[in-house]
Amino acid sequence: MSDKTSRRAGSAGISRRGFIAGTGSILGVAALATPATAAQAKAARVAAPIASGAHVPALVIGTGYGGSVAALRLAQAGVDVHMIEMGMAWDTPGSDGKIFCNTTSPDQRSFWLRTRTKAPVTSFIGVPIDRDISRYTGILDAEEFGGITVYQGRGVGGGSLVNGGMAVTPKRANFAAILPSVNADEMYNTYYPRANAGLGVGNIDPAWFDTTPCYQFARVGRKHAQRSGFPFVFVPDVYDWDYMKQEAAGTVTKSALAGEILYGNNHGKKSLQKTYIAQAKATGRVTVSALHQVTSVSPAAGGGYTVVIDQLNTTGGVTTTKTVTADRVFFAAGSVGTSKLLVRLKATGALPNLNNEIGKGWGDNGNVMCGRANHLWDPTGSLQSTIPCSGIDNWDAGGAFAEVAPLPTGIETYASLYLSITKNPNRAQFSWNAATGKVDLNWQLAWKQPSIDMAKSIFDKINSKEGTVYRSDLFGVYKIWNDTLTYHPLGGAVLNKATDNYGRLTAYPGLYVIDGSLIPGNTSVNPFVTITALAERNIEKIIATDL
Ligand code: FAE
């Protein structure tokens, strides 16, 4: 996995400062959630990790969006659930009194089993940002494949621990291209509203946006977008906007205004730990085993499935290997995690009858990043909230939606940073490499070119109008585009192809896929609301018909 040995140490000062990025688009239904109450939380069962030899009715692999929805709804239907998570629990403060470190001074908590950070913005005015850290089961995995680095959250809460919280329902007109076999009426009438409510999605107060220093960067983004004739849109988020106002007023501990995001957020963000997982635990039917990694699932002699699990220590070593049985297994290890497992299990004979669509249809949601250099009379602000709240919509005309992203360095940079989601048509495939004993992904670096071209449909025009240029110092030396990463892996076990139309792996009754691997490569917006809504739809059907 993503373990890099030490490289040249970065310098201090601005080189040590880091950043965020999420992404997003277009407004959708946004109902506020009722997070689990303290009383419910108290009622939660504090259980020991899963024991070897255990038998569980439902085992969920992974604790991100799909896994959390599955666990909550199964538990509410009366089924006992065990969730297995390879990352840490992230419920205990470190020696600095904080659970998570911030982007400006990353320590071992920042990255999954790396000895050097791998920040998405790699340099600033030619000075490298990355720094050496101790190898540890940190929160953000930068998993490297041949042509792309895939960023993913590791820990109880999955991607919700590290993401920007941008909670976007795609435009309905785009839905048929996202999930062609799914009834859009059902999604927009029932499951998107249910997902938004469960996640606690809310909107920034536009009047506050207009005046607060911490969104000056976004107001500059709005001005430039509108002067070039592009629609500027506010984007909902799961951050507690009232808390952020109090941060700005100096009445609570700062979090979004203290550079916290990419390596976790200590206060205002409603990650899954505060929403779905809290509610699931409060049922008393859900147990979570952190630092446990599923390595195998195969049919058990007496029915159900044998699941092999490695218990990890905090340097990634295996301390124990456990074998349990489960009546039903839900693959919710994320697009990459689920795809890697299924491809390997099919190829190595554990689940040979999985169909030939397994591993196919993987895309990067068209992610590409760039920065623009503003004039000295157009500052973006030294105080920037880490939570993005807006974007530039050129999806229909140019195939791109650009998040106006913060660059929270603590100093004035005169830079505008953008993460674009584009209509990139390229799709890759995971395959088993018997020689290395690993799963490869055949994504090619050149496949990002359509994304660059689509993003340029926005930024070439803005630069021309404003008399500005692209920054070429943020992603290496003289490199304008960060075309080597994605935050939004999607696909690999596509709905209605690798599975049936509800995520069932039909060759193996009782095995299900319920995460981002079901979505064929692109959602036109940030993906987690769609992943959550699809999981709500599928688990409702599975509970009604299979249990
Ligand atoms: P995910 O949340 O990745 O959860 C999978 C879980 O399974 C993880 O906790 C893994 O550690 C665990 N796991 C994997 N393999 C195993 C195994 N073998 N055994 C046990 N556990 C395992 O999956 N999306 C948005 O909509 N808005 C944003 O603003 C946004 N910003 C982002 C910013 C960053 C930096 C990143 C990395 C992502 C961002 N995303 C955003 C993407 C979003 O977080 C992602 O689509 C979802 O988290 C995917 O949800 P899944 O349930 O598929």
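Reader: When does a charge sit over a ring, and which ring lies under the charged end of K461?
Author: A charge sits over a ring if NZ of Lys or CZ of Arg is within 6 Å of the ring centre and within 35 degrees of the ring normal. In this predicted model, the charged end of K461 is 5.2 Å from the centre of the ring in question, which belongs to F230.

Reader: Over which ring does the charged end of R222 sit, and which cluster do ring pairs form with that residue?
Author: The charged end of R222 lies 6.0 Å from the centre of the ring of F232. Ring pairs link F232 into a cluster with W208, F209, Y215, F217, F234 and W241.

Reader: How many aromatic pairs does the structure hold, and what is the geometry of the pair formed by Y151 and Y487?
Author: The structure holds 21 aromatic pairs. The ring centres of Y151 and Y487 are 5.6 Å apart with their planes at 85°, and because an angle over 60 degrees counts as edge-to-face, this pair is edge-to-face.

Reader: How many residues apart are Y151 and Y487 along the chain, and are they buried or exposed?
Author: Y151 belongs to strand β6, whereas Y487 lies in the loop between β20 and β21, so that the pair links distant parts of the chain, 336 residues apart. Both Y151 and Y487 are buried.

Reader: What is the geometry of the pair of Y418 and F459, and what is the relative accessible area of F459?
Author: The centres of the two rings, Y418 and F459, are 4.2 Å apart and their planes stand at 40°, so the pair is tilted. The pair joins strand β15, which holds Y418, to helix α11, which holds F459. Y418 is buried at 0%, and F459 is buried with a relative accessible area of 0%.

Technical notes: Residues are numbered from 1 along each chain as its sequence is written. This is a predicted model: local features need pLDDT of at least 70, side-chain atom pairs count only at pLDDT 80 or more; totals for chains, interfaces and linings use all residues. Side-chain values use heavy atoms; hydrogens and water are left out. Rings of Phe, Tyr and Trp (its six-membered ring) pair if their centres lie within 6.5 Å; planes under 30 degrees apart count as stacked, over 60 as edge-to-face and the rest as tilted. Helices (H or I, at least four residues) and strands (E, at least two) are DSSP runs, numbered from the N terminus. Buried means under 20% relative accessible area, exposed over 50%, partly exposed in between (1.4 Å probe, protein chains only).
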